[in-house]
Amino acid sequence: MKKFLLACAISVMGCWGGMAVADEAMPTENDPVAQKRAVELALKLRCLVCQNQSIAESDAELAVDLRQQVREQIAAGRSDKEIITFMTDRYGDFVLYEPPMKPATLLLWIGPLLLLAAGVVAMVFLLRGRSQAATESAPLTEAEQARATALLEGRES
Amino acid sequence: MIPEIGQFALVLALLLVMVQGTLPLIGASKGISAWMALSRRTAQGAFFFLSLALGCLIYSFIVNDFSVLNVANNSNTKLPVIYRIAASWGSHEGSIMMWVFMLGMWSCAVSIFSKHLPEEMVARVLGVMGCVSMGLLLFLLLTSNPFDRLFPVPLEGRDLNPLLQDPGMILHPPMLYMGYVGFSVAFAFAVAALLGGRLDATWARWSRPWTTLAWCFLTIGILIGSWWAYYELGWGGWWFWDPVENASLMPWLVGTALMHSLAVTEKRGTFKVWTVLLAICTFSLSLLGTFLVRSGILTSVHAFAVDPQRGMFILALLALVIGGSLALFAFRAPKVGTGGTFKIISRESALLANNVLLAVACGTVLLGTLYPLFLDALKLGKISVGPPYFEAVFVPLMAPLVFLMGVGAVARWKEATLPDLWARLRWAAAITLVAAVALPFILGRTSPTSVALLALGFAMAFWIITASLAGLFDRVKYVEGSFREKLARQPRSFWGMFAAHIGVAVFIIGVTVVKGFEIERDVRMTPGDTVAISNYTFRFESMGERTGPNFHASRGTFELSKNGKPVRKLYPEKRMYFAHGMPMTEAAIDSGIFGDRYVSLGEPINDGKDSWSVRVYHKPFVTWIWYGCILMTLGGLLAISDRRYRVSARRETAKPSLPPLEPAKLEKA
């Protein structure tokens, strides 16, 4: 276990280790923080011409353009929120994988909670009924007692 | 000629399942044993003809008979033979053909492995399966005939969608369909039990192995699909919450609930009504999944209108199956007794709570999948529901589920007490807590959100492992003999549960680590450049060309080295298929137990120096996601192989047993 944890720690921590190699490839984005933000944003935006892919995943022209757009806006110092508003203003809510909270999507967002509440209520009722029945459960009849004894003594299985 | 034989075989199969779906059911209710006896022969006969039909379809694909519309649309002279075979189930018609064939296979299997069941039960089960077969065969023949001819005959076919030209295509759909369709057996058993009014522990024992087997197939099917998407789509994701994926996840979730509920029904004679409802829901969701994927409604509500005949047919079938079985359920369920009783703190309660959580999780996926369709249909606007939504609502449901998984595995049946539970689980809780708090820091994370997410993931995984071990310890404590003997005495069904639960933990570790520690680099590389991530270095050596049977590829050569020592060469490709002109990414992966190194080619950069945009990833522990699924499947298979199914099968034919005891009253035995 220890070895295993160590292996995993090394593989994880040494990440930016060998940076200064001679012909280090040019990152498409220089600033790692901006790069991370760009990827996270791109994952939330839908490529409108693809089947069902985010612009981070797609190689379609539109996706490449939109990724570029996101990077430029990040470079221009815009916040994530501003960039998302920019996208939804242009393409509508369809472009966003995380649907905004509004009257039409209310049920979508509170639906899981309602389902859970319904499930819990139903379960509580059922459990209460059952556990009452459990305390009142009848003793064994004579025939049942006899068979139980037989089972216990191993005469039958 | 061959396609006509296939066509004819389909018609004969339809005639046989029409008999299978009617006479045995009537016979069972009227007590006519000659009619009941028809069920086995007709099911086997139908399977024979369905196999013949599928064989004819595969043959038409192998010889590239372009006079068959389905072949002309999905094959090509340059398509390798193995993919021609896979193309047989690559199209809409082919996949429905596969569905019906699988249904025939399961029916045939039931007819063979049901020697120990009462004749009436067999007649009802096969009768119900016959009805389902009838619906789907009619759908196949009336709206999606795989053998439709085309005239004039084209010289060349349109080729199989390049995305599907992959070994994944050979295994993924058959496995997935085996799972989907396999739940029809559980469904048929449930409906048969409702019809016969015999809902008891015996019924649960009969349908349990079938359900578990179907679940195993579905798990493997989803696993292969996930892995396929991972290496094929070129950016290393393994689950996309795509509606098509959700369609397979929903029956899996409810099927998981069903397996556990069946266990309670068999062991304790309780939850009968709930189990039947789950069996109906699981198969209904399999049908719904087929409808969602096959009607074209997912791409757009309007795609549905392009070919409304097919969509309407499945919708009607869906309404008939779900409505009919639920009506029967509503009519019969109140007459079913409650069975064994139990206290609020007991294994039954833990299992029930988990069933509820799984059902809610499934409901949530269903809501997220269908919501955009409804909004669009009601003209309330177009929205997308994607990974951010599902992750936000799904993960919070999984945490209590996992907690109860640990509790359920050690809690006593009928009545457990909190002090007792605490005594059994305190070590598990302590280890879990320490691991969850310490691991994120040991692994060098400090930002609050990433620490919290990692801690949650590790807590869930360690809780399952330690609680499972606590359960194992409990079981062997009172068994005599050496440690090895103690372990060997445990039944396979226990080991099945153990393995499957550990599988869930392995899966969670995979997801947690890859989410927390994956490193992605999106770089521009010219031959000679290197990019380093973790202690690995990728060196872009050269760019070459390669011509495959039906595509032309740009092929990069990368040298992967670890701590400066070369490990191996990687060859990612960008393929252009002749017939479709669609570029496809083939990632190159160096896969290992502790993670993958992944390179995929993006786009060429026109600077005259053979530069490419390249994505490289280090994905620690990503493979554990699939190892976890494999363990879960192995667990299922172990449980099915448990001795008591074979023993009880023999005993039931041997002698009629004493009238069954109320299981609750046997608790002390």
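How many bridges join β4(B) to strand β6 of chain B, and in which sense do the two run? Keep that question in mind as you look at chain B in this predicted model. The answer is five bridges, with β4(B) and β6(B), residues 573–577, running antiparallel. To find the pairing on screen, pick out His552(B), whose bridge partner in β6(B) is Met576(B).

Strand β4(B) has other partners too, and they are worth tracing in turn. Strand β3 of chain B, residues 536–547, pairs with β4(B), residues 551–562, in the antiparallel sense over 11 bridges. A good marker here is Met543(B), which is bridged to Gly556(B) in β4(B). Between β3(B) and β4(B), the chain turns through a hairpin of three residues.

Follow β4(B) onward and you meet strand β5 of chain B, residues 565–570, which pairs with β4(B) over five bridges, again in the antiparallel sense. In this pairing, Glu559(B) stands opposite Lys569(B) of β5(B). The hairpin of β4(B) and β5(B) has two residues between the strands, and Asn563(B) takes a positive phi near 50° in this hairpin. As you look along these strands, a general point may help: in a regular strand the side chains alternate between the two faces of the sheet.

Now let us turn to the nonpolar interior. The largest nonpolar core has 241 residues, and Ala13(B), Ala186(B) and Val254(B) have the most contacts inside it. Helix α8 of chain B, residues 167–196, gives the most to this core, contributing 18 residues. For a view of one part of the core, centre on Ala13(B): leaving aside residues up to four places away in sequence, Ala13(B) touches Ala46(B), Phe49(B), Leu50(B), Ala53(B) and Leu137(B).

Another helix to visit is α10 of chain B, which covers residues 243–268. From first C-alpha to last, the 26 residues of α10(B) reach 37 Å, close to the 38 Å expected at 1.5 Å a residue. This helix is mostly covered, with 23 of its 26 residues buried. Just after α10(B) comes Gly269(B), which has a positive phi near 65°.

Finally, what does the secondary structure of chain A come to? Chain A has six helices and one strand, and from the N terminus on its elements run α-β-α-α-α-α-α. Of its 157 residues, 25% count as buried. Among contacts in chain A between residues at least 6 apart in sequence, 38% join residues at least 24 apart.

How values were computed:
Residues numbered from 1 in each chain as written. Chains lettered and ligands numbered in written order. Predicted model: local features only at pLDDT ≥ 70, side-chain atom pairs only at ≥ 80, totals over all residues. Pairing = 2+ DSSP bridges. Helix = DSSP H or I, 4+ residues; strand = E, 2+ residues; numbered from the N terminus. Core = buried A, V, L, I, M, F, W, Y, C linked by C-beta atoms within 7 Å. Buried ≥ 20, exposed ≤ 12 C-beta atoms within 10 Å, placed from the backbone. Contact = placed C-beta atoms within 7 Å. Expected span 1.5 Å × (residues − 1).
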